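Here are some short exercises on a protein structure. Try each task before reading its solution.

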Amino acid sequence: MKEIKAFIIKDIRYELRKQSTINGLILYMAAIVFIAYLSFLHVYAIDENTWNALYWIILIFASMNAVSGTFVNENANRQYYFYLLAKPRSIILSKIAYNAVLVLMLSLLSYLLFILFMGNKAQNQVMFVLNIILGSTGLSAILTFVSAISSRTDNNFTLMAILGFPLLLPFLLILMKIAACAISGNAWDTVILYFLLIIILDALVLLLAIILFPYLWRD
Amino acid sequence: MKKNVWKILSVVLLVYVIIAGFLGPIPDLDIVHQTIRNLYFHVCMWFVMITMLSISVVNSIQYLARFNLEKDTVAKEASLIGIFFGMMGIVTGMIWAQFAWGTWWINDPKLNGAAVGLLVYFAYMVLRKSLDDPHKRARISAVYNIFAYVIFILFILVLPKLSGVSLHPGDGKESIMPVMSMDNSLRIVFYPAILGWILLACWILNLRIRYIKVKNKIDT
């Protein structure tokens, strides 16, 4: 636990010192949302389904961008140092936690941008935000793990996309389902099952990542 | 001879399935009519695909336990054969869909599940191609294989419940397969067909592994 905390603090410090990733991501998000807004300009008003689909598509591309650098940005010597220093479990958990915060920030930001440019379609905002919070853990876990796999190869980014997208799909479909319920203002008891499903999926992916990561890490 | 009994059984079963499948009696059903005969081919492809992918993932786990490269070969070949039968399943399904629903492709949870499965395993193959060192390739692709298999199986279990309606029979509150409501004249061909196709796939797997072993010996 202490190791995990130390690693997260290290990542945050590193990020704050450089500041390139965060600023880049914010700009990326703003640009993409603006492009989406302009391309739908000739449509009088975006309907709820389009809004929902756009939101999640933009979010997974941005999160993929955010997470893809996780294991590549650190040079080989430092990774070797960490390998001697820490348990693989703490490495992957700290990376997942850090990326989860990053993805969460991105999704909240894009939600704000969507409200600004395309109007707020979600009738039940608490449900929508809760959905985002639970979802970002799972998205971050899957993407972090996939980026650990693809960082072992040469064509990192392409591989990350083709390995990641099919695995994200089950997750994404449930998230979109809940989001659709939040948008149309359904009652809580209609979505409670989906929330449970998301939590189970989150736990499962985390478990798999903890079990399998040591095999990726040893090199 | 004794060792090859299952291969003979496979051929006998499949010959029986083809003859009885095209000529045997069928119940008079709405909409599908004669195309119900595709049941012996299309549905069995999915059984074979899941079986092969399961063999693949078991071998991947065994590889991570012992680091024996032969297990990796089995894992790769089994998933290749799984992909092949999956594609056959999609092709036979598309032909069936054209007759029964009047379209080649339709937004249906089972079709989407199949498509995602193929995407996952194509990605697995691309991942293997992009790693050169055999041990590293075996280790990393085994990790991906296990990770992907669990999520894929979960996906095809959860997805039909999520979307609610499927054009395939037996979804929703009923069992996964509509075997319970199946006519007896279909069953006596359907069950042997599943076994026959799975045995055939095992035979192909067996041949592929032996071929690769010999090839490796010649190369070194």
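**Exercise 1.** How many residue pairs are in polar contact between chain B and chain A, both at pLDDT 80 or more?

*Solution.* Note that this is a predicted model. The count of residue pairs in polar contact between chain B and chain A is 3. Now turn to salt bridges: the count between the two chains is 0.

**Exercise 2.** Find which helix gives the most to the side of chain B that touches chain A.

*Solution.* Begin with the helices. H4 (109–129) and H5 (134–163) of chain B each supply at least two residues of this side. Then pick between them: H5(B) gives the most, with 15 residues. Last, sort the residues of that side of chain B by type. They divide into 22 nonpolar, 1 polar and 2 charged.

**Exercise 3.** Describe the extent of the interface between chain B and chain A.

*Solution.* Start with the residues. In chain B, 25 residues are in contact with 28 residues of chain A. Next, take the area. The two chains bury about 2,600 Å² between them. Carbon and sulfur atoms account for 83% of that area. Then look at single residues of chain B. Phe147(B), Ile151(B) and Leu162(B) lose the most area to chain A, together 27% of what that side buries.

**Exercise 4.** Explain why Cys202(B) is too far from the closest cysteine sulfur for a bond.

*Solution.* First, recall the bond: a disulfide joins the sulfur atoms of two cysteines covalently. Second, check the distance. The closest cysteine sulfur, in Cys44(B), is 14 Å from that of Cys202(B), so the pair is too far apart for a bond. Third, check the total: the structure holds 0 disulfides over all chains.

Definitions and conventions: Residues are numbered from 1 along each chain as its sequence is written. Chains are lettered from A and ligands numbered from 1 in the order in which they are written. This is a predicted model: local features need pLDDT of at least 70, side-chain atom pairs count only at pLDDT 80 or more; totals for chains, interfaces and linings use all residues. Side-chain values use heavy atoms; hydrogens and water are left out. A disulfide is a pair of cysteine sulfur atoms within 2.5 Å. Contact means heavy atoms within 4.5 Å. Buried area is the accessible area (1.4 Å probe) that two parts lose on being put together, summed over both. A salt bridge is a side-chain nitrogen of Lys or Arg within 4 Å of a carboxyl oxygen of Asp or Glu. A polar contact is a pair of N or O atoms within 3.5 Å; within protein, one must be able to donate a hydrogen and the other to accept it, and residues adjacent in sequence count only if both atoms are side-chain atoms. Helices (H or I, at least four residues) and strands (E, at least two) are DSSP runs, numbered from the N terminus. Ala, Val, Leu, Ile, Met, Phe, Trp, Tyr, Cys and Pro count as nonpolar, Asp, Glu, Lys and Arg as charged, and the others, Gly among them, as polar.
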